[in-house]
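Me: Hi! I'd like to walk through this structure with you. Could you keep it simple for a first-year?

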Amino acid sequence: MSTNKDNLQFRIITLALLMVAHLIAFSSPDTLVAHNYSISYSTFDTILIGSEPDYPPYCIVDEDGQPDGFSIELFMAAAKAAGLQVKIKIGIWEVIKNELADGKIDALPLVGRTPEREEIFGFTLPYLKLHGAVFVRKDTKDIHSLRDLTEKKLIIMKGDNADEYARRMNLSEDIINTNTFEEAFQMLANGEGDAVITQRVMGLRLLENMENNTIKPLDINLPDFRQDFCFAVKKGNQELLNQLNEGLSVVIANDTYQHIYFKWFGPAIKAELSTEDIVRVALFIFFPLVIIMVVLWVLVLRKEVKRRTRRLRNEITNHKNTWHELTLKQEKLAASEDQIRLLLDSTAEGIYGIDNKGDCTLINKSAIELLGYENDSEIIGKNMHILIHHTKADGSRYPIDDCAIYNSFIAGKRTHVDTEVLWRKDGSSFPVEYYSYPIQQDEQVVGAVITFWDISDKKRTEKELLKLTEELELTVEKRTAELNEKVLKLDKSQQAMLYMVEDLNRITAELKNERRKLELSNKELEAFTYSVSHDLRAPMRAINGFSNFLLEDYADKLDQEGRRYLDTIKKNAIKMDKLITDLLSLSRVTKADLVYTTVDMQQMAKRAFEDMATTNEKQEFIFEVKNLPSIKGDATLLTQVWQNLVGNALKYCSKASVKNVEITAKDAKDEIVYKINDSGAGFNEKYKDKLFGMFQRLHRDNEFEGTGVGLAIVKRIITRHGGRVWAEGEVGQGARFYFALPKQL
Amino acid sequence: MDEINQVEILIVEDNPSDAEIALRAFKKNKLTNKILVVEDGEEALDYLFCKGQYATNNKVSRPKIILLDLKLPKINGLEVLKEIKSHPETKIIPVIVLTSSKEESDIIESYQLGVNSYIVKPVDFEKFVEAVRDLGFYWLLLNQLPRL
């Protein structure tokens, strides 16, 4: 409260004059304002505030138990100026402070602004600066500075600024908390403690009230306990805060503040300077003079008030600006702190900080998780080497004097280690890689930040790789041995191959020989068939011819029976010839090489009919050939096929009333199926397998003549072309012969 | 020798039965022209070119037709055909191969050598008569040879 001494002179005079003014019942507009602060209920918003019973002269209760005091009165004035109705409840400081934090009350009229409280409260601009003091018993001799308090027992009201201050500054290990300062002074007086720390003016006032004169404040400067007192609201209740700030600005600007201040602090100062003397002097010595001066003074006063109002307004503006800047800075700081926290917590690596004793000062989420803890409170403040770094990977103790982290950062150096383990909360360990960086402040190492991560996977992979390499080497060795063995075997088999080649050459020579023999016998066979075709026929011709001569020349000498015999001889000779012809055909079909050309099947079928049918048959038969596709094949052999099949059809139709032969074809994917449909005698299906057999016949010779070779030849030719042949039929219902030839060779 | 020179039909046939059948077939068809039957290829060529037993002939014989079997002793029918068709004097004489063989190769080679007709001897005598009638009718009566 820097203004106190500066304004002392001014205040003394002012107070004196005010008293005179009261005595002569002079009423100024300012004094009237002071009496208007009372609780009234109207349409205004009503807020509930808390107040203490005994924090004189700021918050007290009067004889009627009603709340009173400088802060109360000022709050009421500010609230009224802001258009607010106020209800007040009385409670001890610790209780009402918590009630505000919990939102059970809306505001407190007197709260010292501290960093701790800014976390939970919103503060108006300060309306009062108070200095703290150390109170001791008058007989205390050994306390001369704050340092001397370290070993002492301090008594402080719980939750007071002083309490927070003492703890923040770590003034002493031994602090006793009371509910009120009255209680604290009582205990001090009783020798239950060594010192009370509280706000100086309040302390003096309280001691006066208690009529205690065994306790005195010391002249020890408490630079960090210069408190800014403000109204406080719950943090975040910006609307109320704004209203109170506005109200406070108004009462400061319109001198109401000044008035209330005089009301509460005037008597205290007067008391120090002996009030009665001043009154006496005022009444009996200076009275006449004063009367004259009053008028002048009122004028001066008014001027002064105006000047001060202006100055105060400027100050308010300055305050507001400063306050705004501070808020902004604070927000920025909070945001950047949040960001850093977020950054730390979103990093996968574990990060912790230690002070120069090796105790943990900060730790991020990943680190907590990696180390198996639930939250940072389990770690903060603990010695990290003892907590997580106490034992080496091999299980031996790891003395802190050897600790790589500790040694390096004490030396102001960074270090990198990946051969150690860290220990989890549950007593298990994991291999770790970490970097430690020293933190320097003003060229002094104040701690270190350690970044670490679990390298179990890496270690495991390394191990596996090593194992794999070993296995690979083993495999390579084994394979090499196998290969050598195989090379040996190969050498052996090469030898065997050489023998085999020799054998093969020999066999090839033998085969060539055999082939030559075969060719030779084929030639012999050809000569044989050639001679058969000539020589076997000649006797047949002779038999037939000479039988004929006999019949012609000696007919008259033969009876009917003799002629029949000769006919039989002739017929058999002809049949024998036919048989020889067919056999020759068959042998030709078997041995001839196929000469493939595109064969006009339509033409060929028609030609076969022309060749095979007699003049009569050509007239009798309805012969139809419908769009037969051409195909690749041996023209000579296919001619034989058509001749045999058409010949067959003609033969077996010879006794039928309807003589009909129809030849068609069907394109069936990979092959063409040719069909010869006749209206002849047909055959019994159960014998169809015999149809194409050599010398197999389904009809007796006296029904239809034949050698049983024709269809066998057909089958052989079609088979040699890669085709198929089959037949369908029914006795008396005609027959259908099919042969299918492949489109591609 | 006049007789020989007047030969109109030369039959080259080693099988006497076949020769007789052929003669009878001609006879049945009233083709009673002068017919000479020789029994092998050598004799056939001797006759045509006046060699061997026919060396006394002073002039190359030119029958109106030659009926030639293929399977012959000494010189076979195809060789005889080749000789005939390679000499200008005999080249124009129509040669009809009359054989039991239906071998494709025989037929092709015969035509390549310049045969005029190719007839397979039928076993059925009546068909034989028909065949002889047809060839005689054509080659002896209708076919006009240039006069040399």
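Reply: Happy to, and we'll go through confidence, then chain A, then chain B and the contact of the two chains.

Me: What kind of model is this, and how are things numbered?

Reply: This is a predicted model, where local features need pLDDT of at least 70, side-chain atom pairs count only at pLDDT 80 or more, and totals for chains, interfaces and linings use all residues. Residues are numbered from 1 along each chain as its sequence is written, while chains are lettered from A and ligands numbered from 1 in the order in which they are written.

Me: What pLDDT does chain A average?

Reply: Chain A averages 83, and 91% of its residues score at least 70. pLDDT is the predictor's confidence in each residue, from 0 to 100.

Me: Where in chain A does pLDDT stay under 50?

Reply: Residues 12–43 of chain A stay under 50, and the model has 29 contacts there beyond four places in sequence. Residues 268–273 of chain A are also below 50, with 7 contacts beyond near neighbours in sequence. Two residues are in contact if their C-beta atoms, placed from the backbone, lie within 7 Å.

Me: How many helices and strands are in chain A?

Reply: Chain A has 23 helices and 25 strands. Helices (H or I, at least four residues) and strands (E, at least two) are DSSP runs, numbered from the N terminus.

Me: And how much of chain A is buried?

Reply: Buried residues are 30% of the 745 residues in chain A. A residue is buried if 20 or more other C-beta atoms lie within 10 Å of its own, exposed if 12 or fewer, and partly exposed in between, with C-beta atoms placed from the backbone.

Me: Can we zoom in on Pro53(A)? Where is Pro53(A) found?

Reply: Pro53(A) sits in the loop between strand 1 (45–51) and strand 2 (54–55) of chain A. Pro53(A) counts as partly exposed because it has 17 C-beta neighbours inside 10 Å. Leaving aside neighbours within four places in sequence, Pro53(A) is in contact with Ile60(A), Val61(A) and Ile90(A). Pro53(A) and Pro67(A) are 14 residues apart in sequence, and their C-alpha atoms are 7.3 Å apart in space.

Me: Switching to sheets. In what order do strands 15, 14, 18, 17 and 16 of chain A come?

Reply: These 5 strands form an open, antiparallel sheet in the order 15-14-18-17-16. Strand 15 (360–363) and strand 16 (415–423) of chain A each have a single partner strand, so one side of each has no neighbour in the sheet. Within that sheet, strand 14 (residues 350–355) and strand 18 (residues 444–454) of chain A are joined by 6 bridges. Two strands pair if DSSP finds at least two bridges between them. Gly353(A) has Val449(A) as its bridge partner in strand 18 of chain A.

Me: What about strand 24 of chain A: which side chains are buried?

Reply: Val725(A), Ala727(A) and Gly729(A) point to one face and are buried, while Arg724(A), Trp726(A) and Glu728(A) point to the other and are not. In a regular strand the side chains alternate between the two faces of the sheet. Strand 24 of chain A pairs with strand 25 (residues 735–742) of chain A in the antiparallel sense over 6 bridges. In that hairpin, which has 5 residues between the strands, Gly732(A) takes a positive phi near 80°.

Me: On to chain B. Is the pairing in its sheet parallel or antiparallel?

Reply: The pairing is parallel, with 5 strands in an open sheet in the order 2-1-3-4-5. The edges are strand 2 (35–38) and strand 5 (117–120) of chain B, each with a single partner strand, so one side of each is left without a neighbour in the sheet.

Me: Which helices of chain B lie on those strands?

Reply: Helix 2 of chain B lies across strand 1 (9–12), strand 2 and strand 3 (65–68) of chain B, at about 170° to strand 2. Helix 7 of chain B packs on the sheet too, touching strand 3, strand 4 and strand 5 of chain B. Angles run from 0 to 180 degrees between N-to-C directions, and axes are lines fitted to C-alpha atoms, for helices over the stretch in contact.

Me: How do those two helices meet?

Reply: The axes of helix 2 (residues 16–28) and helix 7 (residues 125–142) of chain B come within 9 Å and cross at roughly 60°. Residues making the contact include Ile21(B) and Ala22(B) of helix 2 of chain B and Phe125(B) and Phe128(B) of helix 7 of chain B. The contact residues divide into 8 nonpolar, 1 polar and 1 charged. Ala, Val, Leu, Ile, Met, Phe, Trp, Tyr, Cys and Pro count as nonpolar, Asp, Glu, Lys and Arg as charged, and the others, Gly among them, as polar.

Me: Last one: how many residues does each chain give to the contact between them?

Reply: Chain B gives 15 residues and chain A gives 17. On the side of chain B, helix 2 supplies the largest share, 4 residues. By class, that side has 3 nonpolar, 4 polar and 8 charged residues.
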